[in-house]
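This report goes through helix packing, the arrangement of a sheet, and the empty space in and around one protein chain. The model is a predicted one.

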Amino acid sequence: MKAVVIHRHGGPEELVYEDIETPAVGPEDVLINLETVGLNHFDLDVCDGISGYLSLDMPHILGVEGAGTVAEVGSAVTAFRPGDRVMPFLTITSGLCRHRVCNCALGMDNICLDFEKLGVTCWGTYAEYVRVSHHNVLRIPDGLSALDAAAGQVAFATAWELVVKKAQVRQGEDVLINAAGSGVGSAAIQCARVAGARVIATAGSDEKLARARQLGADEVINYNETPAIGEAVRDLTDGRGVDVCIEMVGGSVLQQSLDALALNGRLATCGAHAGEKVEIDMIEFFRKQITMTSCHFAPKSTNHEVLRLMEQGKLRPVIGEVLPLAEMRTAHERLAARAVFGKVVLEV
């Protein structure tokens with residue numbers, strides 16, 4: 001099969017489009033013929049060897065997101081048949097374990113104690129075919145295209161988990177959403193609007209902020225032109241601050257986001273590319289009664305929810321650029337430069 005392969009860690013120059021053997025199917029496996037591949041910033045970290053995971057066995061195929069059809073199933077698989085429209089689920093689990101508390105059984109399969117990760121501990125989606133266990137396959141709703149499915153699964157599932165499940169955004173609340181031009185940020189704007197919130201979006205360019213307004217942001221802040229996000233937010237909320245912040249940047253932006261929260265404010269985070277270790281003023285934290293929560297992607301149940309909402313048109317993936325799989329180097333360069341609003345999707 002054709003695939004984008006890395007033979008060592010590094011930047012986009014290490015991505016090689018080449019022929020490699022198609023994975024063989026075991027009794028409980030499903031082989032998916034991919035049509036589209038969703039690109040995520042996480043892929044860049046894994047490629048560069050800074051994801052926090054152990055060194056990969058080389059050669060390796062990256063990619064946590066994609067959509068296609070079932071090409072082949074193992075002898076023990078009964079839930080799926082060749083031709084079914086499906087997606088691989090990025091957190092690879094067995095569904096059950098021998099731990100006293102089984103997170104998968106509790107619906108938290110995204111933080112399984114024995115999980116593997118697609119594109120990290122096993123070959124991922126930068127290829128014509130990907131092999132996964134039948135426990136880790138999602139059906140694509142009939143009314144949803146493979147292009148939108150690959151663009152929306154990770155971004156919308158993560159955003160929905162942050163906005164609705166973790167932060168529990170309620171109608172009428174003020175919500176600050178950082179990195180509005182990212183896949184998760186652009187998705188979070190829509191999720192917050194569905195929840196009935198007033199949205200304040202931040203981004204690093206006026207062009208991205210204009211796009212954020214088109215998605216439903218009520219107010220916008222250019223953090224490259226604003227000395228302090230907290231001050232800008234208070235100017236927009238009569239000095240009160242926001243009820244909720246959806247944060248995925250880290251570093252000083254996280255500190256400024258905490259400052260922007262109102263009393264009893266909630267912050268939900270899923271990323272920290274601008275700085276993983278952040279100093280927090282705990283006096284302000286407990287005096288304001290701040291609640292801080294997080295998510296590591298999202299469980300299957302949330303994925304199913306957002307795929308249905310996407311099919312119904314209530315959530316619409318923001319696709320910034322579509323490229324052929326062979327141009328994965330360019331895709332990585334574009335994503336690393338933050339030159340795209342929304343998701344980069346590749347067609348296989």
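## Packing of two helices

In this predicted model, H2 and helix H8 (residues 300–311) pack with their axes 8 Å apart and at an angle of about 115°. The crossing of H2 and H8 is right-handed. On the H2 side the contact is made by Asp148, Ala149, Gly152, Gln153, Phe156, Ala157, Trp160, Glu161 and Lys165, while H8 contributes Thr302, Asn303, Glu305, Val306, Leu309 and Met310. Sorted by class, the contact of H2 with H8 has 7 nonpolar, 4 polar and 4 charged residues.

## The open parallel sheet

An open sheet is formed by 6 strands, whose order is S12-S11-S10-S13-S14-S15 and whose pairing is parallel. Strand S12 (219–222) and strand S15 (291–294) are the edge strands, each of them pairing on one side only. On average, and with direction ignored, neighbouring strands of this sheet are turned by 20° against each other.

At the S12 edge, strand S11 (residues 198–203) runs parallel to S12 and is joined to S12 by 4 bridges. In S12, Ile221 is the residue that stands opposite Thr202.

## Helices on the sheet

Helix H5 (residues 229–236) lies across four strands, namely strand S10 (174–177), S11, S12 and strand S13 (242–247), and runs at about 155° to S12. Helix H6 (residues 251–260) also packs on the sheet, where H6 touches S10, S13, strand S14 (261–269) and S15. The direction of H6 makes about 145° with that of S14. Both helices therefore touch S10 and S13, given that contact means heavy atoms within 4.5 Å.

## The enclosed cavity

How many cavities of 30 Å³ or more does the model contain? The count comes to 1 cavity, and about 40 Å³ of space lies in the largest cavity. Helix H2 (146–166) and helix H3 (183–194) each supply at least two residues of its lining.

The residues that line the largest cavity are Ala151, Gly152, Ala155, Phe156, Gly183, Ser186, Ala187, Gln190, Arg316, Pro317, Val318 and Lys343. Among them, Gly152 and Phe156 line the cavity and also take part in the contact of H2 with H8. By class, this lining has 6 nonpolar, 4 polar and 2 charged residues.

## The two largest pockets

The largest pocket holds about 1200 Å³ of space. Its lining is made up of 39 residues, of which His41, Met248, Cys270, Gly271 and His273 lie nearest the centre of the pocket. Helix H1 (41–48), H2, H3 and strand S17 (343–347) each supply at least two residues of this lining, so H2 and H3 contribute in this way both to the largest pocket and to the largest cavity, with helices taken as DSSP runs. By class, the lining of the largest pocket has 20 nonpolar, 14 polar and 5 charged residues.

About 240 Å³ of space lies in the second largest pocket. This second largest pocket is lined by 16 residues, and those that lie nearest its centre are Cys122, Trp123, Arg131, Val132 and Ser133. Strand S8 (residues 129–133) provides the largest share of the lining, with 5 residues. By class, the lining of the second largest pocket has 11 nonpolar, 2 polar and 3 charged residues.

Key: Residues are numbered from 1 along each chain as its sequence is written. This is a predicted model: local features need pLDDT of at least 70, side-chain atom pairs count only at pLDDT 80 or more; totals for chains, interfaces and linings use all residues. Side-chain values use heavy atoms; hydrogens and water are left out. On a 1 Å grid over the protein atoms alone, a cavity is a set of points where a 1.4 Å probe fits but cannot get out, and a pocket is an open set with protein on both sides within 12 Å along at least five of seven lines; lining residues have an atom within 4 Å of a point. Grid points are joined across faces, edges and corners, and a volume is the space filled by probe spheres set on the points. Ala, Val, Leu, Ile, Met, Phe, Trp, Tyr, Cys and Pro count as nonpolar, Asp, Glu, Lys and Arg as charged, and the others, Gly among them, as polar. Two strands pair if DSSP finds at least two bridges between them. Axes are lines fitted to C-alpha atoms, for helices over the stretch in contact, and angles run from 0 to 180 degrees between N-to-C directions. A crossing is left-handed if the near helix is turned anticlockwise from the far one by less than a right angle, and right-handed if clockwise.
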